[in-house]
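Me: I'd like to go through this one with you and ask how each label is earned. Could you set the values against the definitions as we go?

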Amino acid sequence: MPTIRDIAAASGVSAATVSLVLNGKGEISEATRVRVLEAVSRLKYVPRASRSRSSEVKETLRFLKIAKHGQTVNRDHSHFISDYIDGMSQEALRRGYALEVTSHDGETIAAIAEAVAGAAGVSGIIALGTELSEGDIRLLQSVGTPIVFIDTFHDVVEANFVNMNNIDAVYKVLERFKSRGFSRVGFVASHVGTTNFKLRYDAFFRNMERLGLEVDPSLIISVESTFNGAHRGTSEYLASGGELAECYFCTNDIMAFGFARALRENGIGIPQDVSLIGFDNLPMSATSDPPLTTIDVSKRKIGFHAVALLDDIINGPPDLPCVKMLVGADLVARSSG
C-alpha cells in the first residue's frame, strides 16, 4: 500500500505538506492541494483509519472545478475553493473513496459532460456550481452519474445542492446595520451571472422589508465581481456624482476591497464616513485596511456534506428524492462595519 512518503514523492512536496493537506490544516496553496489530491487519487492511497474499515479503496469521486467565465472562480477566490477541497477530501478518505480534482477553465459544459461520460471508475461527481446556469446543471445531470452541486442553489431544479444560506447571512448583515442606528443602507451588487449573487440580491430586498428598512434604489451600485472591476465601477459612480449611503453590504469580499479602495481614493473614510460589510471571510479580510467585517460560511462543512450526500446517493435506492441543503453563516465583526 502506498505511504505518505510515496504521495509526497509523486506530487513533489514534503511528507509534512501531504499530511497537512490530508488533515485540512495549514496555509497550503490551492495548486499544491490539487497536486497532492491528484497523487492520492492516482496511487489509491487510503489513510489507516479507512484501511481498518475496508481492504481497498472504493471507486473515485470526482470534483469538477468549473470556471465558465472566471468572474468569480479565479485566483482571488482560490482560498475558499481550497477549503471546499479540504472538506471533501477528508470525508472522502474517511469513507474509503479517492477524490480526484479536475479543473475546467473556459470549456463548454457540453465538453465537460462528454469528458465525464467517458470517464471510467468514477462513482460520483461534485460540481462547483458557482458559474453554472440551470441549463448547465441539467446538462451535467444528463450524464447519469450521481452528482451533487455546491456553491449554488435552485429551488425548482430537481438536483442535489449543498450551498450557504444566503437569506440568513444577509439578514445578519442588515440586522447589524440596523442595530447601529443606520437607516440609509446601500448595496454593492454585481451584474455578473452567478446564482449566489442573485440570491444575495433577492435576500437584500426581502430582509430590508423584514427589518422595516426602506430601500433607496439610488443607493444600489452594480459593479463587476473582480477587484479591478469593483474599483473601476465605484470610481465611475463617484465621479458621476453618485450619492453615498451610511453603510454598504458588498456581495463579496473582493468587491468590498475594490469598493473600499475607490472610497479611500476619494477621501472617504471607512468606517468614519461609510461602514462596510463583505461576504466570504477571505484571509485578507482580517488584514485589510481597515479590517473587514464580513460573513463567514464554513466551506469545509459544505465540502464534507457534499461527500456525505453523494455517498448516500451512490449507495441508496435509485428513487431517492433530491436533497437541497443550506449551511448557516456567522458574522465576523471587525472595524470596517
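Me: What is the bridge partner of Phe187 in β7?

Reply: Ile220 is the bridge partner of Phe187 in β7. Bear in mind that this is a predicted model, where local features need pLDDT of at least 70, side-chain atom pairs count only at pLDDT 80 or more, and totals for chains, interfaces and linings use all residues. Residues are numbered from 1 along each chain as its sequence is written, and side-chain values use heavy atoms, with hydrogens and water left out.

Me: How do you know that β6 and β7 pair?

Reply: Two strands pair if DSSP finds at least two bridges between them. Strand β6 (residues 185-190) and β7 have four bridges, in the parallel sense, so the criterion of at least two is met. Strands here are DSSP runs of E with at least two residues, helices are runs of H or I with at least four, and both are numbered from the N terminus.

Me: What makes β7 and β9 the edges of the sheet?

Reply: The open sheet has four strands in the order β7-β6-β8-β9, with parallel pairing. β7 (220-223) and β9 (275-277) each have a single partner strand, so one side of each is left without a neighbour in the sheet. From one strand to the next, the twist averages 20°.

Me: Which strands does helix α8 touch, and at what angle does its direction lie to that of β8?

Reply: Helix α8 (residues 166-179) packs on the sheet and touches β6, β8 (247-250) and β9, with its direction at about 170° to that of β8. Helix α9 (residues 195-210) also packs on the sheet, touching β6, β7 and β8, and its direction makes about 160° with that of β6. Axes are lines fitted to C-alpha atoms, for helices over the stretch in contact, and angles run from 0 to 180 degrees between N-to-C directions.

Me: Why is Ser89 called buried?

Reply: Buried means under 20% relative accessible area, exposed means over 50%, and partly exposed is in between (1.4 Å probe, protein chains only). Ser89 has 1% relative accessibility, so it counts as buried. Ser89 is in helix α5 (residues 78-94). Apart from neighbours within four places in sequence, Ser89 is in contact (heavy atoms within 4.5 Å) with Val21, Leu37 and Leu99.

Me: And what makes Ser11 buried or exposed?

Reply: Ser11 has 4% relative accessibility, so it counts as buried. Ser11 belongs to helix α1 (residues 4-11), and its contacts beyond four places in sequence are Val18, Arg35, Val36 and Ala39.

Me: What makes a space a cavity, and how many of 30 Å³ or more does the search find?

Reply: On a 1 Å grid over the protein atoms alone, a cavity is a set of points where a 1.4 Å probe fits but cannot get out, while a pocket is an open set with protein on both sides within 12 Å along at least five of seven lines; lining residues have an atom within 4 Å of a point. The search finds one cavity of 30 Å³ or more. The largest cavity holds about 110 Å³, and α9 gives the most to its lining, with three residues.

Me: Which element supplies the largest share of the lining of the largest pocket?

Reply: That is α9, with six residues. The lining has 17 residues, and Phe153, Asp155, Thr195, Leu199 and Asp202 lie nearest the centre of the pocket.

Definitions and conventions:
Points joined across faces, edges and corners; volume = space filled by probe spheres on them.
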